[in-house]
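This report describes the fold, the strand pairing, the largest pocket and selected residues of one protein chain. Please keep the sequence and the model in view while reading.

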Amino acid sequence: YNEGDIVAVLIDIYNDGDNEMQNAKIAVTIPELGVRKSIGPVDINEGASFVEIVYLQLPFDAVAGEYDIMATVHGDNVGNHDEDVHRIKFRQITIN
């Protein structure tokens with residue numbers, strides 16, 4: 001990627017639990033660059049998937065290097081609020 005480019009991030013969440021996940025909020029960030037996009041709240045039934053593409057624009061003054069993209073999801077576990085859902089995934093991109 002180059003500074004100013006758009007990065008497409010595929011969000012693909014599958015609820016393999018026994019309960020519906022309600023009010024799920026998804027955030028995609030590149031912390032070192034101050035870039036952030038959010039989705040939600042959304043409800044994801046048990047056995048169902050949620051798929052969406054999030055577009056992040058890299059800053060025009062981004063310095064060349066490797067950066068982590070961090071995707072987080074947090075939602076309420078219906079039927080057991082003591083076990084709310086919180087997951088984090090990282091992927092790396094390189095800016096030339």
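Which residue in β3 stands opposite Ala24? The residue opposite Ala24 is Val42. The model is a predicted one, in which local features need pLDDT of at least 70 and side-chain atom pairs count only at pLDDT 80 or more, while totals for chains, interfaces and linings use all residues. Residues are numbered from 1 along each chain as its sequence is written, and side-chain values use heavy atoms, with hydrogens and water left out.

**Overall fold**

The protein contains 0 helices and 6 strands, and its pattern along the sequence reads β-β-β-β-β-β. Helices (H or I, at least four residues) and strands (E, at least two) are DSSP runs, numbered from the N terminus. Along the principal axes, the C-alpha atoms fill a box of roughly 45 × 20 × 15 Å. Of the 96 residues, 36% count as buried; buried means under 20% relative accessible area, exposed means over 50%, and partly exposed lies in between (1.4 Å probe, protein chains only).

**The sheet**

An open sheet is formed by 4 strands in the order β3-β2-β5-β6, with antiparallel pairing. Its edge strands, each pairing on one side only, are β3 (35–44) and β6 (85–95). On average, neighbouring strands of this sheet are turned by 15 degrees against each other, direction ignored; the axes are lines fitted to C-alpha atoms, for helices over the stretch in contact, and angles run from 0 to 180 degrees between N-to-C directions. Strands of a sheet pair through backbone hydrogen bonds, either parallel or antiparallel. Two strands are taken as paired if DSSP finds at least two bridges between them.

Strand β2 (residues 21–30) pairs with β3 in the antiparallel sense over 7 bridges. The pairing of β2 with β5 is likewise antiparallel, over 7 bridges. Since 7 of its 10 residues are buried, β2 is largely enclosed by the rest of the structure. Several residue pairs across these strands are set out below.

| Residue | Partner | Partner strand |
|---|---|---|
| Ala24 | Val42 | β3 |
| Ala27 | Ser38 | β3 |
| Val28 | Lys37 | β3 |
| Lys25 | His74 | β5 |

**Backbone features**

Most residues other than glycine have a negative phi, and most peptide bonds are trans. Asn23, which is not a glycine, nevertheless has a positive phi of about 55 degrees. Asn23 lies in strand β2 and is partly exposed, with a relative accessible area of 38%. The hairpin of β2 and β3 has 4 residues between the strands, and there Gly34 takes a positive phi near 70 degrees. In strand β3 lies Pro41, and the peptide bond from Gly40 to Pro41 is cis, with omega near 10 degrees.

**The largest pocket**

Rolling a probe the size of a water molecule over the atoms shows where empty space is left. The largest pocket holds about 700 Å³ of space. It is lined by 29 residues, of which Asp12, Ile13, Tyr14, Val73 and Arg87 are the closest to its centre. Two or more lining residues come from each of β1 (6–14), β2, β5 (65–77) and β6, and β1 gives the most, with 8 residues.

The search uses a 1 Å grid over the protein atoms alone: a cavity is a set of points where a 1.4 Å probe fits but cannot get out, a pocket is an open set with protein on both sides within 12 Å along at least five of seven lines, and lining residues have an atom within 4 Å of a point. Grid points are joined across faces, edges and corners, and a volume is the space filled by probe spheres set on the points.

The lining divides into 15 nonpolar, 5 polar and 9 charged residues. Ala, Val, Leu, Ile, Met, Phe, Trp, Tyr, Cys and Pro count as nonpolar, Asp, Glu, Lys and Arg as charged, and the others, Gly among them, as polar.

**Selected residues**

Asn15 is in the loop between β1 and β2 and counts as buried because its relative accessibility is 8%. Its side chain reaches the backbone oxygen of Asn19 at 3.0 Å. Asn77, in strand β5, is buried at a relative accessible area of 13%. The side chains of Asn77 and Asn19 are joined by a polar contact of 3.3 Å. A polar contact is a pair of N or O atoms within 3.5 Å; within protein, one must be able to donate a hydrogen and the other to accept it, and residues adjacent in sequence count only if both atoms are side-chain atoms.

Phe60 is in the loop between β4 (49–57) and β5 and is exposed, with a relative accessible area of 63%. Although Phe60 and Phe50 are 10 residues apart along the chain, their C-alpha atoms are separated by 31 Å.
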